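Dear colleague,

Please find below the structure that I am handing over to you. My findings follow directly after it.

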Amino acid sequence: MSTSKKTDIKRVTTNVLQEMKIRGEKISMLTAYDYSLAQIVDASGIDVILVGDSASNVMAGHETTLPITLDQMIYHASSVVRAIQRCLVVVDLPFGTYQGNSKEALTSSIRIMKESGAHAVKLEGGSEIIESVKRILSAGIPVMGHLGLTPQSIYKFGTYVVRAKEEEEANKLINDALELEAAGCFAIVLEKIPSKLAKLVAEKISIPVIGIGAGNGVDGQVLVLHDMLGINKEFSPRFLRRYNDLYTSIKNSVENYIQDVKSKDFPNSKEQY
Ligand code: KIV
């Protein structure tokens, strides 16, 4: 008998991702923050949905990821979980809910797991947050790491440029990846680092490495859904491939609707009771 509540679809687990790395099958990951889009993304066959704290930017219009709260992340995550049947759902621990206090990190993670029904959490950082990572893992909660450009530390870096180009920072990143693997993380995101370095990390560690702006030598790719769908026109880094121009498509549709209302074309005789 299946353990899946909704269907008999084989669900993606952390073990499945590990097997994919071993087989050399690339892992696909996208963000989603709401029920309707998560349903489409899951039905398309995505392996992992990340309820990223990029929701702070794309959903709430903040300049950075810092303002989003734990309650808001849980709201987004629970909407996504209600929509999906197959993929693994990973949720970002937002800024200020895990750094420097492993007990708070565990409490925040337990709230995410209990209140949203998600399957794993993601934290930004390496050695600085390793105690938090270990404590969360000790409760049986799967943890995804995130190294390279870590947007929650934007005020420390001061810029969103490519990270770890210099040897010292690259060495720290490699050591952090090894430490996260040794602690028991099931995967690591590498954001905006040189592709050579990302490939080296993916070869050095046995857990899946998912890249964003990290080249194709890693085990999978992640993009922000709204960016790859072309809903956000302003954001166009080199690593972004746009698969649609929904900004134009939605704008045209809305303009046509307005025109139809104003001209009294909508509703017509068939569109009323
Ligand atoms: O919040 C987010 O969307 C992320 C991805 C960019 C990896 O962390």
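The protein is divided into two parts, domain 1 (3-242) and domain 2 (246-273). Taken over C-alpha atoms, the centres of domain 1 and domain 2 are separated by 39 Å. Please bear in mind that this is a predicted model.

As to secondary structure, the protein comprises eleven helices and eight strands. Along the principal axes, its C-alpha atoms fill a box of roughly 70 × 50 × 35 Å. The radius of gyration is 20 Å, which agrees with the value near 19 Å that a compact globule of 273 residues would have.

Turning to packing and surface, 48% of the 273 residues of the protein count as buried. Among contacts with a separation of 6 or more, 58% are accounted for by residues 24 or more positions apart. The protein exposes about 14,300 Å², and carbon and sulfur atoms supply 53% of that area. With regard to charge, the protein has 31 positive and 32 negative charges, and the mean positions of these two sets are 2 Å apart.

Some details of the backbone deserve a separate note. Most residues other than glycine have a negative phi, and most peptide bonds are trans. Against that background, I would draw your attention to the following places.

The peptide bond that joins phenylalanine 266 and proline 267 is cis, with omega at about -5 degrees. Proline 267 is found in the segment after α11 (246-262). The range given for domain 2 is 246-273.

Alanine 164 is not a glycine, yet its phi is positive, near 55 degrees. Its place is in the loop between α7 (154-157) and α8 (167-183). Is alanine 164 buried or exposed? Alanine 164 has a relative accessibility of 4% and therefore counts as buried, the cut-off being under 20%.

Lysine 192 likewise has a positive phi, of about 50 degrees, although it is not a glycine. This residue lies in the loop between β6 (187-191) and α9 (195-204). Because its relative accessibility is 19%, lysine 192 counts as buried under that cut-off of 20%.

In summary, the points for your inspection are the cis bond between phenylalanine 266 and proline 267, the positive phi of alanine 164 and the positive phi of lysine 192.

With kind regards

Methods
Residues numbered from 1 in each chain as written. Predicted model: local features only at pLDDT ≥ 70, side-chain atom pairs only at ≥ 80, totals over all residues. Heavy atoms only, no water. Helix = DSSP H or I, 4+ residues; strand = E, 2+ residues; numbered from the N terminus. Rg over C-alpha atoms; globule rule 2.2 N^0.38 Å. Buried < 20%, exposed > 50% of the residue type's maximum accessible area, 1.4 Å probe, protein only. Contact = heavy atoms within 4.5 Å. Areas by Shrake-Rupley, 256 points an atom, 1.4 Å probe, with all protein chains shown as cover. Lys, Arg positive; Asp, Glu negative; His and termini not counted. Charge placed at Lys NZ, Arg CZ, Asp CG, Glu CD. Domains from an automatic or database assignment.
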